[in-house]
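Reader: I'm new to this one and would like to know what backs up each label. Can you take me through it?

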Amino acid sequence: MQTLKRNILAVPILVWIGLLVGIPLIFVFVLSFLSRDSLGTIVFQFTLQNYQRVFSPIYLRVFLNSLLLAFLTGLVTMIVGYPVAYITANLSTKKRALSIGLIMLPFWISSLLRTYGWMILLGNSGIVNNVFLGLGLIDRPLSMMYKFGTTLIGTAYMLIPFMIVAIFNSVDKLDRSLLEASYDLGANKRQTFFNITLPLTIPGVAGGFTLVFIPALGMFYVSDLLGGGNTIFLGNLINTQVTRGRNRPLAAAFSVAMILVVLVVISVYSRVAKDDREGLFL
Amino acid sequence: MRQPLLFLVNINKYFGDVHVLRDVSFTIEQGEFLTLLGPSGCGKTTLLRCIAGLEHVHSGDILLNGSSIKGIAPNKRNVNTVFQNYALFPHLNVYDNIAYGPRVKKLMKEAELKDRVSKVLDLVQMLGYEKRMPHQLSGGQRQRIAIARALINEPSILLLDEPLGALDLKLRKHMQTELAQLQRKTGTTFVYVTHDQEEALNMSDRIVVMDQGQVQQLGSPREIYNNPSNLFVTTFIGDRNMIRVKVLDVGEASTRVQFGEDVVEVRNSKRHHMVAGEEALLAIHMDKMRVSCGEVPNALRGEVLSVHYAGSQIRIQIQVADKVITAVEYQKTDCDCEAGDSVYVVWEEHGAILLPLEDSGVEGEV
């Protein structure tokens, strides 16, 4: 009786998840096994051809590009985000609210607009080049656009708030008396940071890494605009297959493959954060 | 006579506008078990943290072994703390927790360190637990590891901040005995913070009673219990009946006072001098009182209101004149009284003390 009651209470959330997550996922999964005609219309005919193409060597490169971009994005946001999160967590309540507000502020502006902002900054006649030219530091404009690194800057910039907030939470949660105990036992600030603070905030870093890695894997407009399409990533590929390629079944197969990669990342994360009772996905 | 080890000289400390330590001065002696006792918010933990270096003092000085440690960072002070929640490092096992101090100070080789860890683990009876993680230990075990982690540094003073607060009653009693034994075995100076007077009276060589950031009394447990220096200590230590009496005349060793129609003699205290004709407070420990059925000298007459059996003790409420007095007896002997009986209430000489009527809020309390 008790369990029945509890199960009934869970029905709305199950319906919600089923409608918004489950059904689209099933749709994508089914689609990935279907064929299409030359005009792009779906043909209800079972095939494994899409998956054969997904795992062909030509596309392996795309997977590796995407994984590298996502990994480097995670790394860059971690290195830049950790100090920001650490300092923010140690501010007074008022300043801390201000700092968090400033970190979240860019979310109020469309990410597409912010990407154009980077183009204005980094372009050949962009602000950075103009300033450097004006100061006489360089003779001709630096070519900064349409490179792998440019895409990396873009994705890292887009996703760093997730990293900062995740690390901030774990630094903030840290029991101050542990730090005091460390000083009390004779450790200086540096030793306390590396022996106590850093190891105890690893779950937060892992959480931030996961939160950054997953969207970085699928982002396409940043690499389209900042990378100029010179390097093809998974997101671009799926986008192209749906729009210009008119091959939705293939796009669906790539999506399923990407979901599998994401599941691997999450399982690694949950292993790292298994001692942390307030995980991201539990 | 013990050697003085740590001098606290006119310590003042503020949190914002709040004056949390007011001119605190006393001396901690080498090898003693000293307890800072007081209600929550009295400044005892803050004082402990000042000694540890975790709080800085606004004025005054702290001298350890003759030299000031006021400006010295906590990691450079030869004092260690056992924190209230133990503060064991959750990601390190018992061995690494205990080895933390010597390792960060790079004091010794791993082989020597291993011996030292074993030695302190043996001291707290936790040998064999080296590989356990803190979350795999019970509260009492964590407590022992926290003590071992501090003791391995051979501190001049071990500071303990309400270390038994999180334990259940039975374990707390057991740990009290163990802590006192450990202190004697190691000879380390213990400064122990608690709000639990029973703990303080049980374990300490000396007790510092604090209230509102000030030292109220410093003395041995017996001294504090029997000869409280002021109204605060009198009400804070032990359960007492507080009776407003009239001083009739003051003799060499005792003073005659009147309450209602009864006249009783109370021993004179060293600290307080009564004046005949004035009013005073008679404070008597409830557990030092006896109820007698037959007439006895130096007693207050009253009528039994109720008798409660609370485990090992019997609480008897007696109406004496306009006041309800509580007597606590541990076994019923001569007088098997019931509600409505007329009885005589007497007390052991040392259980009673006369205090002057202080102006601070006494009217309301008595």
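Reader: What makes a residue of chain A count as buried, and what share of chain A does?
Author: This is a predicted model, and the label comes from counting neighbours: a residue is buried if 20 or more other C-beta atoms lie within 10 Å of its own. Of the 282 residues of chain A, 30% pass that test. For chain B, with 366 residues, the share is 39%.

Reader: How do you know what chain A is built from?
Author: The secondary structure gives 12 helices and two strands. Read from the N terminus, the order is α-β-β-α-α-α-α-α-α-α-α-α-α-α. The C-alpha trace spans about 80 × 70 × 35 Å along the principal axes of chain A.

Reader: And what does chain B come to?
Author: Chain B has nine helices and 20 strands. Its C-alpha atoms fill a box of roughly 75 × 45 × 40 Å, again along the principal axes.

Reader: What makes two residues "in contact", and how many residues does each chain bring where A and B touch?
Author: Two residues are in contact if their C-beta atoms lie within 7 Å. Between the chains, that takes in 15 residues from chain A and 17 residues from chain B. On the chain A side, helix H8 (176–184) and helix H9 (189–218) each supply at least two residues. H8(A) gives the most, with six residues. Sorted by class, the chain A side has eight nonpolar, four polar and three charged residues.

Reader: Within each chain, what share of the contacts between residues at least 6 apart in sequence joins residues at least 24 apart?
Author: In chain A, 70% of those contacts do. In chain B, 67% do.

Reader: Which domains does chain B have, and how far apart are their C-alpha centres?
Author: The domain assignment gives domain 1 (4–233) and domain 2 (239–365). The C-alpha centres of these two domains of chain B lie 38 Å apart. They do touch: five residues of domain 1 are in contact with eight residues of domain 2. The domain 1 side of that contact has two nonpolar residues, three polar and no charged.

Reader: Why is helix H1 of chain B called largely enclosed?
Author: The cut-off is 20 or more C-beta neighbours within 10 Å. Nine of the nine residues of H1(B), residues 44–52, count as buried, so the helix is largely enclosed by the rest of the structure. Among them are B:Lys44, B:Arg49 and B:Ile51. Just after H1(B), B:Gly53 takes a positive phi of about 95°.

Reader: What makes E2 and E5 of chain B edge strands?
Author: Start with the order in this open sheet of four strands of chain B, which is E2-E1-E4-E5 with antiparallel pairing. Strand E2 (18–29) and strand E5 (67–68) of chain B each have a single partner strand, so one side of each is left without a neighbour in the sheet.

Reader: How do you know that E1 and E2 of chain B pair?
Author: Strands pair if there are at least two bridges between them. Strand E1 (residues 4–15) of chain B and E2(B) have eight bridges, in the antiparallel sense, so the test for pairing is met. For a spot to look at, B:Pro4 stands opposite B:Glu29 in E2(B).

Reader: Which strands of this sheet does H1(B) touch?
Author: H1(B) packs on the sheet and touches E1, E2 and strand E4 (59–64) of chain B. The direction of H1(B) makes about 60° with that of E2(B).

Note on methods:
Residues are numbered from 1 along each chain as its sequence is written. Chains are lettered from A and ligands numbered from 1 in the order in which they are written. This is a predicted model: local features need pLDDT of at least 70, side-chain atom pairs count only at pLDDT 80 or more; totals for chains, interfaces and linings use all residues. A residue is buried if 20 or more other C-beta atoms lie within 10 Å of its own, exposed if 12 or fewer, and partly exposed in between; C-beta atoms are placed from the backbone. Ala, Val, Leu, Ile, Met, Phe, Trp, Tyr, Cys and Pro count as nonpolar, Asp, Glu, Lys and Arg as charged, and the others, Gly among them, as polar. Domain bounds come from an automatic or database domain assignment. Axes are lines fitted to C-alpha atoms, for helices over the stretch in contact, and angles run from 0 to 180 degrees between N-to-C directions.
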